[in-house]
Amino acid sequence: MNIVVAIKHIPSIADDLPVSGNTVDFDSVDFVLNEFDEQSIEQAVLVKEAVGGTVTVVGVDMIGELDAVLHLALAKGADKAVKITGDDPAADSHTQAKWLSEAIKGMSADIIFAGVQASNDLDGQIGPMLAAYLDMPYIGGVSSVEVAGDSATVNKEFAGGVGAKYEVSLPMVVGVQASVKPPRYAPVSKVRQVAQTATIEKVAPSGEVSSGLTMKKMAPPVVTGHAEMIEGSSKEVAAKIVELLKSKGLA
Amino acid sequence: MSNDILVITEHMDGKFSDVSFEMVGKAKELANAWGGQSIAVVVGGGVSSNVFASDSTIHVDDAALSNFNPEAYGKVIEALVKEKSPKVVMFGWTATGMDLAAWLSAKLGVPCAAYVKNIGADMTMSCQAYGGKMSADVSPEGDMAIAACLAGSFPVEAGQGSTAATTMASPVDLGSLKVKFVEAIKPAGGDVDITSQVKLVSIGRGIGGKENVELAEELAGKIGATVSCSRPVVDAGWLPRTRQVGKSGLKVKPKLYLMLGISGAPEHLEGMKSAELIIAVNTDKKAPIFNVAHYGATADLFEVAEAMLELL
């Protein structure tokens with residue numbers, strides 16, 4: 001079974017996002033693996049462990065720092081790593097999906113995993129676009145995948161625990177919300193070892209599309225309200241919260 | 001090309017979601033401004049479709065559409081969009097709409113904006129970006145665009161009405177689908193129902209690990225609350241899915257929502273913004289939750305929780 005994971009390297013939203021012109025100032029932010037891709041890599045490795053095969057992780061190298069992400073994926077059980085040398089930190093989802101689809105075309109993929117969404121999916125997510133470019137079915141919001149023969153059974157979540165089970169003829173693209181088990185931990189020593197020995201295949205970007213969106217403005221949101229901030233030390237904050245709860249009969 | 005707006009509505013168990021009405025209301029406003037028609041599209045059976053204030057409603061019914069099937073729904077919507085050539089196709093940025101909007105965009109080569117909060121008469125789409133930390137105004141090229149709209153962006157009432165729907169059979173053959181609906185999955189029972197709790201202590205990624213959940217449990221116990229959480233906590237396996245608040249979890253409206261280490265991603269806000277009293281403790285002073293909470297503190301949640309335990 002040829003299992004492919006398409007990943008997205010995105011600006012971290014853990015810290016401030018400085019703006020330069022009409023975009024995030026990509027030079028002054030850290031890039032991280034999209035959090036849903038961690039789930040997606042885990043789900044792919046779980047499928048491999050269940051039915052055998054190889055897991056190939058592929059992503060667009062946005063800022064020349066994808067190797068570390070790929071090494072981690074290999075340490076967690078992926079077999080092959082491919083980076084598309086885009087070197088364009090502003091490449092939108094359409095562009096990345098097109099490049100990824102061209103790279104994946106030669107992989108005879110049976111099942112392709114992608115994170116269900118990413119925080120910079122302004123023009124939509126790469127999963128459904130990959131499915132469109134590769135003419136495969138797509139189901140997103142998936143929280144479990146079982147492969148048997150040439151079909152997959154996936155559970156899709158709607159909300160609040162309500163979902164649906166689907167049976168899909170492979171190949172397909174799966175948008176992963178959560179893997180069946182939490183992502184495994186890869187010890188630093190193993191990642192280091194992989195980094196020294198692994199080969200990452202480089203692929204030049206191929207195919208051209210545009211999201212068709214022109215960015216007119218990017219700025220922190222206009223805030224209509226703000227919390228009344230409780231200042232002081234943690235002890236003072238705790239005291240004020242307790243006082244607040246007591247005054248409202250909530251403690 | 002037309003000046004029409006096609007709204008892809010969504011329903012489950014015979015009920016339309018609020019976002020369907022919200023989008024229809026917005027579509028009416030845009031249709032008025034552009035001299036076009038607002039057209040509500042209902043796909044699938046088991047629902048009364050004469051409930052929208054749209055200029056017209058198209059109801060496509062077929063046995064293959066009785067449950068949500070992204071492949072079948074996609075084919076039907078693609079055919080309708082090609083036939084109607086609307087100026088805008090609106091989807092909800094929801095579990096179902098997220099399967100279709102970007103797919104249709106790539107399939108037809110039509111621009112798509114996601115996380116849409118507003119659409120201007122000049123077609124500017126205002127979107128949430130980077131987990132709510134940014135707001136982006138984008139303008140689509142060409143004669144047609146897809147807008148995947150966040151729930152809660154427009155008033156529900158403006159979309160409610162009684163326009164009589166025109167029912168039609170599927171415009172495309174749905175005979176050989178690769179995706180088959182097998183069965184519905186109901187929520188696992190046995191756990192407390194967080195939607196009926198008066199007080200919730202809700203934890204996010206900031207709780208750091210499963211071993212720290214106990215601290216939140218202890219604090220909740222002291223004030224008669226239940227512990228709920230944001231999605232990353234469930235994905236990490238620290239709490240069961242029955243405790244998850246938000247878009248892919250449950251919508252709650254408690255008297256108290258005390259948040260520890262939740263930054264307030266838009267998906268989480270969707271599930272709790274109607275809580276009566278929201279108090280948020282987070283180390284990031286720019287966390288979006290502080291724009292929604294009534295009271296907030298930039299502080300270490302562990303120190304605050306431990307100090308609270310001493311005082312309670």
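**Briefing: helix H4 of chain A and the contacts of chain B**

The buried residues of H4 of chain A are covered by elements that include strands E1 (2-7), E8 (111-115), E9 (138-148) and E12 (172-176) and helix H3 (93-105) of chain A, together with helix H3 (97-108) of chain B. This is a predicted model, in which local features need pLDDT of at least 70, side-chain atom pairs count only at pLDDT 80 or more, and totals for chains, interfaces and linings use all residues. Residues are numbered from 1 along each chain as its sequence is written, and chains are lettered from A in the order in which they are written.

**Helix H4 of chain A**
- H4(A) spans residues 126-134, and nine of its nine residues are buried (20 or more other C-beta atoms, placed from the backbone, within 10 Å of the residue's own).
- Among them are A:Ile126, A:Met129 and A:Tyr133.
- A:Asp135, just after H4(A), takes a positive phi of about 55 degrees.
- Helices (H or I, at least four residues) and strands (E, at least two) are DSSP runs, numbered from the N terminus.

**Between the chains**
- The contact takes 79 residues from chain B and 73 residues from chain A (contact: C-beta atoms, placed from the backbone, within 7 Å).
- On the side of chain B that touches chain A, H3(B) gives the most, with eight residues.
- Strand E14 (213-219) of chain A pairs with strand E9 (134-140) of chain B in the antiparallel sense over six bridges (pairing needs at least two DSSP bridges).
- In E9(B), B:Val138 stands opposite A:Met215.

**Domains of chain B**
- Chain B is divided into domain 1 (5-168) and domain 2 (194-311), with bounds from an automatic or database domain assignment.
- Eight residues from domain 1 of chain B and six residues from domain 2 of chain B make the contact.

How values were computed. A residue is buried if 20 or more other C-beta atoms lie within 10 Å of its own, exposed if 12 or fewer, and partly exposed in between; C-beta atoms are placed from the backbone. Two residues are in contact if their C-beta atoms, placed from the backbone, lie within 7 Å.
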